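Visitor: I should like to take a close look at a single part of this structure. Please guide me through it step by step.

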Amino acid sequence: MQERDYLDILTQSLTKKLAVLEEIRKKNEEQRVLLLDDDLGPEEFEKNIESKGKLVDSLEMLDEGFDHIYERVKEELAENKDQYKEQIQKLQDLIRDIMAQSNSIQAEEQRNYKLAQTKFSDIKKQIREVKTSQNAVQQYYRNMMKVNYIDAQFMDNKK
């Protein structure tokens with residue numbers, strides 16, 4: 001393959017990476033909505049996390065492929081910068097866009113992390129309240145059972 005073909009593949013790889021990053025941003029927004037929902041079901045949240053995990057895996061594959069191909073053309077690009085100036089500029093623009101998307105995603109992840117911490121602490125608080133209520137009910141039941149209990153009476157069997 002010629003270097004121009006490799007550069008086209010690198011461009012396609014970065015374009016795909018931008019598309020995957022956009023999908024991750026959508027999943028982050030879905031996650032934010034789920035975390036703000038008071039009726040959040042754990043299945044929905046887990047499903048969102050799993051789909052984001054798959055997207056991250058595809059990002060890693062794209063990165064590995066990009067690195068592998070870039071290693072093949074790195075020397076040629078360094079030696080002949082002027083010859084590939086337009087394509088290099090396009091790659092640089094795509095990389096800037098990717099970096100901007102990545103930074104935005106990191107900020108979204110931080111916000112969602114804080115929301116998740118709040119959500120889970122609220123859930124733990126509700127669980128403690130339910131346990132306390134159950135203990136109170138059980139204690140009440142035990143106490144009420146003792147009220148109706150009559151100790152054995154001494155009976156005189158003499159006639």
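In which helix is E108 found?

Guide: The model before us is a predicted one. E108 is found in helix α3, a helix that comprises residues 85–147. With a relative accessible area of 13%, E108 lies under the 20% limit and is therefore buried.

Let us begin with the surroundings of E108. When residues up to four places away in sequence are not counted, E108 touches R25 and N28. The contact with R25 is a salt bridge, in which the closest N and O atoms are 3.1 Å apart. This pair links distant parts of the chain, since R25 belongs to helix α1 (residues 3–36) and E108 to helix α3, with their positions 83 residues apart. The two partners differ in exposure: R25 is partly exposed, at a relative accessible area of 29%, whereas E108 is buried. In general, side chains of opposite charge can pair when their charged atoms come close. The side chain of E108 also meets that of N28, in a polar contact of 3.1 Å.

N28 leads us to another residue of helix α3, namely N112. Here a polar atom of the N112 side chain lies 3.0 Å from the backbone oxygen of N28. N112 has a relative accessibility of 4% and so counts as buried. Leaving aside neighbours within four places in sequence, N112 is in contact with N28, Q31, R32 and L35.

One of these contacts, R32, takes part in a salt bridge of its own. Its partner is E29, and the closest N and O atoms are 2.7 Å apart. Both residues lie in helix α1, three residues apart, which is about one turn of the helix. R32 is partly exposed, at 32% relative accessibility, and E29 is likewise partly exposed, at 39%. Helix α1 holds a further salt bridge, between the side chains of K27 and E30, at 3.6 Å from N to O. K27 and E30 are also three residues apart. The spacing can be understood from a general rule: an α-helix has 3.6 residues a turn, so residues three or four places apart point the same way. The structure as a whole holds eight salt bridges.

Helix α3 is also joined to helix α2 through aromatic rings. There are two aromatic pairs in the structure. In one of them, the rings of F45 and F120 have centres 6.0 Å apart and planes at 80°, so the pair is edge-to-face. Because F45 lies in helix α2 and F120 in helix α3, this pair ties together parts that are 75 residues apart in sequence. F45 is buried, at 13% relative accessibility, while F120 is partly exposed, at 38%. The pair of F66 and Y70 is stacked, with 6.2 Å from centre to centre and 5° between the planes. These two residues are four places apart in helix α2, about one helical turn.

Finally, we may consider helix α2 itself. Its 38 residues (42–79) should span 56 Å at 1.5 Å a residue, and the end C-alpha atoms are 55 Å apart, which agrees. The helix nevertheless has a kink of about 50°, centred on V73. V73 is among the buried residues of α2, which also include F45 and F66.

Definitions and conventions
Residues are numbered from 1 along each chain as its sequence is written. This is a predicted model: local features need pLDDT of at least 70, side-chain atom pairs count only at pLDDT 80 or more; totals for chains, interfaces and linings use all residues. Side-chain values use heavy atoms; hydrogens and water are left out. Buried means under 20% relative accessible area, exposed over 50%, partly exposed in between (1.4 Å probe, protein chains only). A polar contact is a pair of N or O atoms within 3.5 Å; within protein, one must be able to donate a hydrogen and the other to accept it, and residues adjacent in sequence count only if both atoms are side-chain atoms. Contact means heavy atoms within 4.5 Å. The expected span of a helix is 1.5 Å times one less than its number of residues. The bend at a residue is the angle between axes fitted to the seven residues ending there and the seven starting there. A salt bridge is a side-chain nitrogen of Lys or Arg within 4 Å of a carboxyl oxygen of Asp or Glu. Rings of Phe, Tyr and Trp (its six-membered ring) pair if their centres lie within 6.5 Å; planes under 30 degrees apart count as stacked, over 60 as edge-to-face and the rest as tilted.
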